[in-house]
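Thanks for asking me to look through this one with you. Here are my notes, as numbered points that you can read with the structure open beside you.

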Amino acid sequence: MIETQTAYVPIGIFENEIEISTPEHIFIDDHNDIYIADSGTKSVTKFDENGKVKRIFGEGILKQPLGVFVDQANDVYVADYTAEKVFRFSKEGKLIKEYERPKSPLFGEKSPYKPQKISVDPRGNLYIIGEGSTNGIIQLNKAGEFLGFYGVNTSRPTIMTFLQDMITTQRQKASLFMKVPTAPTNISIDEQGLVHTITSGTDWEVIRKLNIAGSNMLPTDISSTKNLVDIAIGPIGNIYTVGLDGKIYEYDRFGNLLFVFGGKDDGLNRNGLFMQPTSIEVDNMGRLFVADREKGTIQIFEPTDFTAILHEGLSLYAEGFYIESQKNWKEILNLNSSFGLAHTAMGQAYFKQQLYDDALKEFKSANNKAGYSDAFWEIRQKWMQDHLSSVFSILLSLFILWSIVRYTDKKKKILQPLRDWFGKMKNLKLLSQLLFLLRFLKHPIDSFYYLPKTERVSVLSATLLYIILFVEYLFVLYCTGFLFSYKSVEDINIFLEAATLFIPIILFIVANYLVSTITDGSGRFRDIYIGTIYSLAPILLFIVPITIVSNILTINESFIFTFSMQIITVWSIFILFIMIQEIHDYKFVETIRNILVTFFAMLIMLLVFFVIYVLLDQVYEFILTIIQEVILRV
């Protein structure tokens, strides 16, 4: 979250001719007329934008109106919770139709029908949000016939649901106890007829934008707020939501968070804060109207110049006019250089103009990896077109030169001095111990068998390899390609990274030694210390080349990086397993048991260290309090 310029300014309370008792829902039509569903007065009141009453709907008919919607013919639809009906009134206030509980057997005898919110699409179909309607939105046609449930919420996928989907048929799934998803809380329909919903009480698909098939088109993790109460769609497709905590959230049509503002009233009745917000709506000038049930008021927010510039840029950007929107985004970045969406839009504009280097920088500033990948692919493609022939020429020249050197060496032994020098270097004890690492790749069983019985390795060589491992770890953090790096360089703390790398290794070595001691393992602490780092031979040898290669890959070739990392990781785990088996002279089952008990011992050790830390922290606080008390009294 980055602090921005003020997005909206509260300009006061919506003044009107009659008192609003308990506002439950607001709707604003194309003429900026405001409809307020009031459960206190049991009616829906229509105001003009100046607060003058134009008509009252449902007096003596409505019991607890919670939602209101006005269609293109200016017919007024009201969701009445207590009456368990949706009422439809003409623009003159005459009751036209009552939509009662559907009688279709497809609706279900036990399915609840307690209308809370209502929306109508351009074809006249009704979308009803009902309490406890876990099957989805209740959909009726204009005549009141049940069309089906639409846009049922989904549950967060888990390992169990994945396995269940893999091993069960559709018929078996129907007989199993399935987790019931949460019912949607509120609804809004945009100018294109796309249905938007919110769901409170969950952090999975909190805000949904549904296509014609009822599938969500927004990111599943768009929001983690569990107390949203209403949703509204602005003139350019922006999404507005409000929560019980008084926070107002604005997203663009693609689900990118733009602003968060508002909050809970602390009892001082300050503008812009709320006690119990129930509804939010947007007029055609971009002003926000927010109902507060407890206060019985409607607060109005007006967009600032910063927001107006942003909305203009968003409108052009959403329609694909990336270059035309560039002026707006430059102005936004002049005011706030940290606005990520502006960097993405600038990147798209540069990309359209084939300014790929500039696009690359903007996408990187926005942390937009998909855009970065596209721009990098274009840059790489151009480089290959310009230099590929030169690269092949150099490689061919090197191959010919190497062939000549090899042929000459066979005749006149010109490389013999180099071989002699390398032989002498290999005879150096420490270097020989370090190079013994290569043997673990081909012959891990023999290498570990001879490890405790020969001097082919030492504690010094193992320690140097641990240092090399840490240097390589830092190299990975700093030099992994942007597309595959998930940690910002600015956030790297060398001491914290050292602890992250070495604490698990130290815990494993100590725990494995302790466990092996009481389970008749023959390995010494020295053997485990040395064997652990030599088991990581694939990582030590290949992590640096893989990291370098990650800088020339795009997302389309990400499998190369991912698969390579998986190979060296699995390879190292395999060698580690052999190390435990050979050093302790275990059989296969004994090795498995030893590893499991080792991990359990590591957890116990972590728990003990945590308890000790908490106790020492309390002792420190106690001593510090005594010292402060003594100083105060003296």
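1. Helices α16 and α17 are roughly perpendicular to each other in this predicted model, because their packing angle falls between 65 and 115 degrees. The angle is about 110 degrees, and the axes lie 10 Å apart. Helix α16 covers residues 558-583 and helix α17 residues 588-633. Their crossing is right-handed. On the α16 side, the contact uses Phe577, Ile580 and Gln581; on the α17 side, Phe588, Thr591, Ile592, Asn594 and Ile595 take part. Sorted by class, these residues of the α16 and α17 contact are five nonpolar and three polar, with no charged residue.

2. While you are there, have a look at the loop between α16 and α17, where Asp585 sits. Its phi is near 60 degrees, a positive value in a residue other than glycine. Most residues other than glycine have a negative phi. Asp585 counts as exposed, because its relative accessibility of 63% is over the 50% mark.

3. Glu205 makes a nice companion to that point. Here too phi is positive in a residue other than glycine, near 50 degrees. Glu205 lies in the loop between β15 (195-198) and β16 (207-210). Is Glu205 buried or exposed? At 8% relative accessibility, Glu205 counts as buried.

4. A second helix pair to compare is α12 (residues 459-479) with α15 (residues 537-549). Their angle is about 15 degrees and their axes are 10 Å apart, which means that α12 runs roughly parallel to α15. The crossing of α12 and α15 is left-handed. From α12, the contact draws on Leu465, Ile468, Leu469, Glu472, Phe475, Val476 and Cys479. From α15, it draws on Ile539, Leu540, Ile543, Val544, Thr547 and Ile548. By class, the α12 and α15 contact holds eleven nonpolar residues, one polar and one charged.

5. Ser458 belongs to the loop between α11 (444-450) and α12. With a relative accessible area of 14%, Ser458 is buried. Setting aside neighbours within four places in sequence, Ser458 is in contact with Gln433, Arg526 and Ile530. Ser458 and Leu434 are 24 residues apart in sequence, and their C-alpha atoms are 9.1 Å apart in space.

6. One of those partners, Ile530, also appears among the buried residues of α14. Helix α14 (residues 525-535) is mostly covered, with eight of its eleven residues buried. The buried ones are Asp527, Ile528, Ile530, Gly531, Thr532, Ile533, Tyr534 and Ser535.

7. Helix α6 (residues 356-365) is worth a look as well. Its buried residues are Tyr356, Ala359, Leu360, Glu362 and Phe363, and they pack against α4 (326-335), α5 (340-352) and α7. Just after α6, Asn367 takes a positive phi of about 55 degrees.

8. Moving on to α7 (residues 369-412), the residue I would pick out is Ser373. Ser373 counts as buried at 4% relative accessibility. What is Ser373 in contact with, leaving aside its neighbours within four places in sequence? The partners are Leu483, Thr554 and Ile555.

9. Finally, the aromatic rings. The count comes to 32 aromatic pairs. One of them joins Phe107 and Tyr113, edge-to-face, at 6.2 Å centre to centre with 80 degrees between the planes. Phe107 counts as buried at 1% relative accessibility, and Tyr113 is buried at 3%. Phe146 and Phe149 form another edge-to-face pair, with 5.2 Å between centres and 70 degrees between planes. In that pair, Phe146 is buried, with a relative accessible area of 14%, whereas Phe149 counts as partly exposed at 27%. There is also an aromatic cluster formed by Tyr8, Tyr240, Phe261, Phe274 and Phe301.

Technical notes
Residues are numbered from 1 along each chain as its sequence is written. This is a predicted model: local features need pLDDT of at least 70, side-chain atom pairs count only at pLDDT 80 or more; totals for chains, interfaces and linings use all residues. Side-chain values use heavy atoms; hydrogens and water are left out. Axes are lines fitted to C-alpha atoms, for helices over the stretch in contact, and angles run from 0 to 180 degrees between N-to-C directions. Helices (H or I, at least four residues) and strands (E, at least two) are DSSP runs, numbered from the N terminus. Angles under 35 degrees count as roughly parallel, over 145 as roughly antiparallel, 65 to 115 as roughly perpendicular and the rest as oblique. A crossing is left-handed if the near helix is turned anticlockwise from the far one by less than a right angle, and right-handed if clockwise. Contact means heavy atoms within 4.5 Å. Ala, Val, Leu, Ile, Met, Phe, Trp, Tyr, Cys and Pro count as nonpolar, Asp, Glu, Lys and Arg as charged, and the others, Gly among them, as polar. Rings of Phe, Tyr and Trp (its six-membered ring) pair if their centres lie within 6.5 Å; planes under 30 degrees apart count as stacked, over 60 as edge-to-face and the rest as tilted. Buried means under 20% relative accessible area, exposed over 50%, partly exposed in between (1.4 Å probe, protein chains only).
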